[in-house]
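This note was prepared as a colleague's reading of the structure shown below. Its points are numbered for ease of reply.

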Amino acid sequence: MTAIVAPNAGIYYTAGYWNDIPSVKAEINERISGRPDVSYLEYFAERVGRKTFGRALFLNCGNGWVERDFFKHGLIESAVGIDYSEELLAEARRHGRDLPVRYMRADINDAVFDERFDLIVNYAAAHHIAYVDRVFRNLCRHLVTGGYFVSYDYVGPHRNQYPYEQWEAVWRLNNALPREARQTLRYPHFPTMMHDDPTEAIHSELTLETFGRYFRTEEYRAAGGALAYPILTFNRALERVDSELRDEAVETIMTADRRYLADNPGTELFAFWYGTPRHEVLRDRALLRRWEEDERAREDRARAARGRYYEPTLLQAMLYPDAFPV
Ligand SMILES: C[S@@+](CC[C@H](N)C(=O)[O-])C[C@H]1O[C@@H](n2cnc3c(N)ncnc32)[C@H](O)[C@@H]1O
């Protein structure tokens, strides 16, 4: 199978994501760990009794900063990082040359592992996986009994095709900000997404459900983002205003985001969770065959439809009628 990947891996490290803002990061920490100064990683370390895992696998590791963070916190003894981008792997190798870490270049969708792991880490990786059932099944096989699979990831709508109600709430909140702090809102344009990165949020809508097939979720924390992520990410206006106005706008946005999540559970775009393998499911041959066939049929259909899995959302159809010719 030829891997479907982004033509330019540089897009993954563009500054200006919502969690690059320190107060947003603190709020996300709070939503996950209950404390603004305790990150998902530190919280996970606490929850598993601060043990050190022998061998860890880092999915779609990019430039390798996530595994270096795990080493820094003494959570792992050795690591394997997998990614498709040679350019990012070269950077990861350079920064990790003094660490017991090995990098492999492979398409995660059909990666073959010749060892088992004590820990698997998905940081902003799974939402780039097409064959999510196949990959999670493979990971279940390669995670030891007593091992953990920990994630922090985008779990929002497929290809960021937000529902109308959410986008309207985003629109209203943005318009309630002082004019000079407002985001230039653009509903994600399907053809542009496919051009820039056909793996982006390819099956984010299936991540949690598919995870649950192969892993027992021990803890799940919604990190929100339904309103704040589209308004704060790449908000160039906010970069230009003075710090007082910026802090006030961020506070307003994060307060509204918190309220929206409380009033609309399940609308979170980001989440933290971890689980343990359900090895017993690997013995149910009939069920595995059915899931495999469903997945193959879904991907074959989408390939024939040039990357289209679902009907366009109302907003995609209204705003960009040419993007989805009937
Ligand atoms: C959002 S980045 C996350 C990188 C890293 N986990 C981080 O948090 O910095 C997504 C990563 O997935 C990788 N990727 C995308 N499709 C892939 C595939 N089919 N196989 C392996 N890696 C892939 C990209 O090269 C990129 O490094």
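The points below go from the overall fold to charged pairs and then to individual residues.

1. Status and secondary structure. The coordinates are those of a predicted model. The protein chain contains 13 helices and 7 strands. Its radius of gyration is 20 Å, close to the 20 Å that the globule rule gives for 326 residues, so the chain is as compact as a globular protein of that length. The C-alpha trace spans about 55 × 50 × 40 Å along its principal axes.

2. Burial and contacts. Of the 326 residues in the protein chain, 54% count as buried. Among contacts with a separation of 6 or more, 78% are made by residues 24 or more positions apart. The chain exposes about 15,800 Å², and carbon and sulfur atoms supply 50% of that area.

3. Charge distribution. The protein chain carries 42 positive and 50 negative charges, and the mean positions of these two sets are 4 Å apart. Side chains of opposite charge can pair when their charged atoms come close. The structure holds 23 salt bridges, and the next two points take up some of them.

4. Individual salt bridges. Arg93 and Glu86 meet through their side chains in a salt bridge, at 3.4 Å from N to O. Arg93 is partly exposed at 36% relative accessibility, and Glu86 is partly exposed at 41%. A second pair joins Glu219 and Arg221, with an N to O distance of 2.8 Å. Here Glu219 has a relative accessible area of 8% and is therefore buried, the cut-off being under 20%, whereas Arg221 is partly exposed at 30%. A third pair consists of Glu311 and Arg308, whose closest N and O atoms are 3.6 Å apart. Glu311 counts as exposed at 64% relative accessibility, while Arg308 counts as partly exposed at 25%.

5. A salt-bridge network and helix H5. A network of salt bridges links Asp133, Arg137, Glu209, Arg213, Glu292 and Arg296. How many residues of helix H5 (residues 132-141) are buried? The count is 8 of the 10, so helix H5 is largely enclosed by the rest of the structure. The buried residues of H5 include Asp133 and Arg137, both of which belong to the network. The other buried residues of this helix are Val132, Val135, Phe136, Asn138, Leu139 and Cys140.

6. Tyr152. This residue is found in strand E5 (residues 143-154). Tyr152 has a relative accessible area of 6% and is buried. Leaving aside neighbours within four places in sequence, Tyr152 is in contact with Trp18, Ile28, Ile32, Tyr40, Asn122, Tyr123, Ala124, Ala223, Phe270, Ala271 and Phe272. By way of contrast in sequence and space, Gln166 lies 14 residues from Tyr152 along the chain, and their C-alpha atoms are separated by 22 Å.

7. Arg278. The loop between strand E7 (270-277) and helix H12 (285-304) holds Arg278. At 25% relative accessibility, Arg278 counts as partly exposed. Which residues does Arg278 touch, not counting those up to four places away in sequence? They are Cys140, Gly212, Arg213, Tyr214, Phe215 and Arg216. Of these, Cys140 is among the buried residues of H5, and Arg213 takes part in the salt-bridge network. Arg216 is 62 residues from Arg278 in sequence, yet the two C-alpha atoms are 6.2 Å apart in space.

8. Backbone angles to inspect. Most residues other than glycine have a negative phi. Ala201, which is not a glycine, has a positive phi of about 50 degrees. Ala201 is found in the loop between helix H7 (190-196) and helix H8 (207-214), and at 0% relative accessibility Ala201 counts as buried. Arg306 likewise has a positive phi, near 50 degrees, in a residue other than glycine. Arg306 is placed in the loop between H12 and helix H13 (314-319). Is Arg306 buried or exposed? With a relative accessibility of 75%, Arg306 counts as exposed, since the term applies to values over 50%.

Notes
Residues numbered from 1 in each chain as written. Predicted model: local features only at pLDDT ≥ 70, side-chain atom pairs only at ≥ 80, totals over all residues. Heavy atoms only, no water. Helix = DSSP H or I, 4+ residues; strand = E, 2+ residues; numbered from the N terminus. Rg over C-alpha atoms; globule rule 2.2 N^0.38 Å. Buried < 20%, exposed > 50% of the residue type's maximum accessible area, 1.4 Å probe, protein only. Contact = heavy atoms within 4.5 Å. Areas by Shrake-Rupley, 256 points an atom, 1.4 Å probe, with all protein chains shown as cover. Lys, Arg positive; Asp, Glu negative; His and termini not counted. Charge placed at Lys NZ, Arg CZ, Asp CG, Glu CD. Salt bridge = Lys/Arg side-chain N within 4 Å of Asp/Glu carboxyl O.
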